[in-house]
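Biologist: Please take a close look at the second largest pocket. What lines the second largest pocket, and how do the residues of its lining divide?

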Amino acid sequence: RLALALCAVWLLGLAWHMTRVVRDFFLLQTWRRRAVRLKRIGAVEIFVSSECTTPFSFRVLGCWGVMLPLYLLENREAMRVALAHELQHHRQGDTLWVYLLEVVRAMFYVNPVVRIWIEEIHEAHEWACDQTLLGRRGWTINHYGQGLCDLAATALTDSRRLAGTASLSVSARALKRRFLMLRTRSSKSASWLIALSLVLAGWTSTAAATWAAKSSVADKRIT
């Protein structure tokens, strides 16, 4: 009975999480229909919307896109930073990673360690974008950092990430860490991401094995 109760609670939580994912999917579709299509860069469509406050990239139903807030049209430098950053998310495959992370979040939503791990992965993606862009000609730490500050000034009022999107993280904690990393220009982000992935994989395998063992013992007691 306890196992059934726990299973029921887990299924309810999973249903709640999937409801959020579906809600965000339809919200994204609504924003995309109402947005103005600014231009197309390769396979990626660039949209401008008055309904979002944070730039983000997405890949859904065959559409590769970047959504930019309307206010960025008034700040050329911030728009340049945001657009380059979101396009880099597409190049790195982050718009596919987010789907895997949503599955993990849904399966282990009750575990706070998993939530922290997912946020660390998002921040690792952010830092990888920063590092790649600053390694190109025409980008300086001062200009890039100023662009991030300009984005944060407006986006901090509503920084929730839509499910299934890769967005420029502008929380106060994330920005502080990124500015410190920009100053040091560490090259350890890739190894950090791999290490975190291996930790989660090991934790998941252990949890699955433990659950299977407990189920086996319970079955033997019943029979």
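Modeller: Nine residues of the lining of the second largest pocket are nonpolar, two are polar and one is charged. Bear in mind that this is a predicted model. The lining consists of H17, M18, V21, F25, L28, V60, Y99, E102, V103, A106, A163 and G164. Two elements each give two or more residues to it: α1, residues 2-34, and α3, residues 94-107. The largest share comes from α1, with five residues. The space in this pocket is about 190 Å³.

Now the sheet. Five strands make it up, in the order β1-β2-β4-β3-β5. The sheet is open, and its pairing is mixed. At the edges stand β1, residues 36-41, and β5. Each has a single partner strand, so one side of each lacks a neighbour in the sheet. On average, neighbouring strands are turned by 25 degrees against each other, direction ignored. Take one pair: β1 and β2, the latter covering residues 44-49, run antiparallel and are joined by five bridges. V36 has V48 of β2 as its bridge partner.

Both helices named for the pocket lining also pack on this sheet. Helix α1 touches β1, β2, β3 (56-60), β4 (63-69) and β5. The direction of α1 makes about 105 degrees with that of β3. Helix α3 touches β3 and β5, and its direction makes about 75 degrees with that of β3.

One more space is worth setting beside the pocket. The count of cavities of 30 Å³ or more comes to one. The largest cavity has a volume of about 50 Å³. Its lining is H89, D94, V98, H122, H125, E126, R161, A166 and S167. Three elements give two or more residues each to that lining: α3, α4 (112-134) and β5 (165-167). The largest share, three residues, is from α4. By class, the cavity lining has two nonpolar, four polar and three charged residues.

Back to the pocket, then. Its lining has nine nonpolar residues, whereas the lining of the largest cavity has two. Helix α3 gives two or more residues to the pocket lining, and α3 also gives two or more to the cavity lining.

Note on methods:
Residues numbered from 1 in each chain as written. Predicted model: local features only at pLDDT ≥ 70, side-chain atom pairs only at ≥ 80, totals over all residues. Heavy atoms only, no water. 1 Å grid on protein atoms, 1.4 Å probe; cavity = no way out; pocket = protein on both sides within 12 Å on 5 of 7 lines; lining within 4 Å. Points joined across faces, edges and corners; volume = space filled by probe spheres on them. Helix = DSSP H or I, 4+ residues; strand = E, 2+ residues; numbered from the N terminus. Nonpolar A, V, L, I, M, F, W, Y, C, P; charged D, E, K, R; others polar. Pairing = 2+ DSSP bridges. Axes fitted to C-alpha atoms, helices over the stretch in contact; angles between N-to-C directions. Contact = heavy atoms within 4.5 Å.
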